[in-house]
Amino acid sequence: MSLHRTLGMTDDEYALVVDVLGREPNEPELAMYSVMWSEHCSYKSSRAHLGRFRHDQDQVVLGPGENAGVVDIGDGWLAALRIESHNHPSFVEPHEGAATGVGGILRDIFTMGARPIALWDPLRFGPLDEPHNRYLMSGVVGGIAHYGNAVGVPTLGGEIEFADPFSKNPLVNVMALGLMRREQLVTKAAAGPGNRAILLGNSTGRDGIGGASILASASFEDGDAEKRPSVQVGDPFAEKKLIEACLELFSAGLVVAIQDLGAAGISCATAESAAAGGMGMDVDLDAVPVREQGMTPGEILMSESQERMLAIVAPGAVGAVLDVAARWEVPAAVIGTVTESSELRVFSGGSLVANVPAASLSEDAPLYRRPVERPRHQDDLWNDAPPLPEGVDAGKTLLSHLGDPALGDRSWIYEQYDHMLFLNTVVEPGHDGSLLRVKGTDKGLAVATDGDAVRCFLDPERGAARIVAEAALNVAVAGARPYAVVDNLNFGNPEKPEVMWQFTETVAGMAEMCEALDLPVVGGNVSFYNETDGVDIYPAPVVGMLGLADPMPLQPPRLDRAEEGMDLWLIGHEGGDDFAGSAFSRVTLDHVGGRPAAVDVGDVLAIIDHCVRLAQAVPVLHDISAGGLAVALAEICIRSGVGAVVDCDDWRLLFDETPLRVLVAAPPLADLGIDDVLVQRIGVFGGDHIDFEGAGIVDLAEATDAWYHALRRPLSVVG
Amino acid sequence: MTVAVVVFPGTNCEHDVVQALDAVGVGAELVWHRDEDLGGADGVVLPGGFAHGDYLRTGAIARFSPIMNPVTDLAAAGRPVLGICNGFQVLCEAGLLPGALVANRDLQFICRPVEIEVTSKKSVLTAAAHIGEVLRLPLNSYEGNYVAPVDEIDSLEASHRVVLRYHGENPNGSTHAIAGLASAAGNVAGLMPHPERASEAVLGSTDGLVLLESFAASLVPA
């Protein structure tokens, strides 16, 4: 097979390279184009559609295109946020794949000048009755814990879903948040001819060569264990030192620009930095510290060894930069010079080994408008509504829901993560959204990640709109106004028109809901080719929502603050019979079909406003999502250690998942101050049962036991 | 009166500790692990984190950092020395406290609040607390399981040097549920839970303050 095909490049793309260069590329050059023009780096199948997301609102400082989105949260503070995927590496090697995903996203944050202050990890696996899925999940959670804890950045949660299509293609997404003073903002543009390029951090080895093109931009087949050498190996200790060294360089004003080394390593970082500054760069590979002998120029250029940064530094500051690096025990080497030409020239052993127009690696990347076709099965899916039974015992049904791994207690996961470091964590994982204070201000930042792959499979547009609304509600119940969004669009093979239909519908649904909420999308990631043996995953967009609480409630709502005698209220939207894609369909009926309800855009702002206001006053404010009212109430009862009596004799109202509904616990006779949306007192807290009068009853201790062991039971079984 | 808070490469709780010490009226300065002296500090805290990446073994490399010489001298002079979490592990490796901390019983990292009972006041950490007092403090460790030879444990118990013990559930399998202990003179103390993470109501607990206040009081020259 010809080299370009081995590198994952089509014949047409190869012809385009020849066209750009005006000659045949040599091997290192071809390797550079193959990675920079891969789906993962160039967004060639998705770029044409991403313009639908707005990011021109006042709070946006930097939208998509930099390493992270940046928003102004006032008081001189900026927040940087970013989401990424490490799906295929985590399937090949769960521990290192997940660990290096954490390392990569952190570099995206501190590259901007911000100190990373928190991480979130949305995860998707196949059902846990499969031993291999348990192995993958244990490995991924262990890898996140290992890297995140040791690098010294708290992990404040995430979310999780289990479904068959993820058995052979798990999803490991990771979101990070950073905080910086306004004057600390740094970008990647390498200005100023004569400035030096300094490589900071780990030495360069043979690990991870072709990670972006081989792992992240191609489908999988069974027996792909031989791709394991393409997975990088993480060193959180090296990253911790790199963070501290870089933050000191920024605060001392010693760098002109900085760029992290991710996909395609040195080649991508030097090209991107030079191109962003409208410059060129001469790079000397002999100056790169390598960790093994005999590496070829191509290998050094393409290596994805972790924990490395490229700083652009004025010639006079080189000594000071090397001193700071030495103090933090971070290896550093001058490897290049910014030039006035627009070319990236790479030298090795005194000779020129690559010479390409720097901007061509990003700007000349192919752009595909792939065919889009609504799947033929779509109408059948919509017509296949969940077959609802006549009589349902709400008590028994609730117990089976609470014992489900996707619905029960998640503390098995988040108690392995340091979620308290930095003394910012006001609401920890295990609630709707996590809440961090911003020290020195009255403000707080709430963050939630949300996804809903089954609903997005049934109706990608409605499903995507719903996860945006749900994430917005999750930060609102922590007292924060939705402020900015990042998204991670996980999809199957974009060369299939049906997958592209799912993608475009998803983008439409997300864009529409963000528009309704006037929310900027400040960054994102597209992960295609989540396909193994020809089977695509469910479309699995994930949103990361940043909310700004101003002021931050000093006693924010929590699930564990309900007390005997408090009233239970339902606010928001009328319940209905929205069972398509519900937990009830999956857990009780084992059924996937029907069409989920749309979110009522007219109500969403009013309901969010009420939540933000009530969060200053009420002890419990809890969004109703998977498992409906019954599961949401049970979570409050279990966490608070108090039962409840609910006036509801129709089981459907207990398990229906109509969006935009919130439960409130409040002292008796409270006035919630709501007259424009539904507000209904539906019960009272007390006793040691969850009692749906007439529809069923559960002993609180039994419910607690089922919920507590939902993940612990399967995961304590050795695979 | 100042406290030196030691920063090894990989340490991550140093700023949290400085903030919590400030809350109990103690000024603190960060000192780097390569420093040769403590800048005239009256006491030392070794904070939590992953000194030298926890490579080889927790604390095994940190004990050779130059700063450990003046720390050892200060301990010998009877001045207060406190190790929190990774700092406790370093004190054990450095021989300033007996025993060692090994992997948790369930081989998983544990980050959650646990209940701790004060079992002795004979330390800079617990002098201001009451015996039998139960505190709710966050635990955050993979190697929190305290072990020592049987006769060492017996001697620690007999001399009331076990100052903190897990209450109710033993989260990590620690011998005799030991969560914190002190040197014979009581001036060197180590604990696995994080008092600085329980130093403000908005963070969920202020139970750590009594321990930090004990430490603050111990800084006054005898």
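## Exercises on a predicted model

Six strands of chain A form an open, mixed sheet in the order β1-β2-β3-β6-β4-β5. The model is predicted.

**Exercise 1.** Identify the edge strands of this sheet in chain A and state how its neighbouring strands are turned.

Solution. Step 1: an edge strand pairs on one side only, and this holds for β1 (60-62) and β5 (155-162) of chain A. Step 2: direction ignored, neighbouring strands of the sheet are turned by 20° against each other on average.

**Exercise 2.** Describe the pairing of β4 and β6 of chain A, then find the helix that packs on the sheet.

Solution. Step 1: β4 (residues 115-125) and β6 (residues 171-181) of chain A pair in the antiparallel sense, over seven bridges. Step 2: Leu171(A) in β6(A) has Arg124(A) standing opposite. Step 3: the helix is α7 (residues 94-110) of chain A, which touches β3 (77-85), β4 and β6 of chain A. Step 4: the direction of α7 makes about 25° with that of β6(A).

**Exercise 3.** Analyse the contact between chains A and B from the side of chain B.

Solution. Step 1: chain B gives 21 residues to the contact and chain A gives 22 residues. Step 2: on the side of chain B, α1 (14-23), β6 (110-118) and β7 (134-141) each supply at least two residues. Step 3: β6(B) has the largest share of that side, three residues. Step 4: by class, the side of chain B that touches chain A holds 10 nonpolar, seven polar and four charged residues.

**Exercise 4.** Give the domains of chain A and the distance between their C-alpha centres.

Solution. Step 1: domain 1 covers 1-36 + 186-365, and domain 2 covers 557-719. Step 2: the C-alpha centres of domain 1 and domain 2 of chain A lie 50 Å apart.

Notes: Residues numbered from 1 in each chain as written. Chains lettered and ligands numbered in written order. Predicted model: local features only at pLDDT ≥ 70, side-chain atom pairs only at ≥ 80, totals over all residues. Domains from an automatic or database assignment. Contact = placed C-beta atoms within 7 Å. Helix = DSSP H or I, 4+ residues; strand = E, 2+ residues; numbered from the N terminus. Nonpolar A, V, L, I, M, F, W, Y, C, P; charged D, E, K, R; others polar. Pairing = 2+ DSSP bridges. Axes fitted to C-alpha atoms, helices over the stretch in contact; angles between N-to-C directions.
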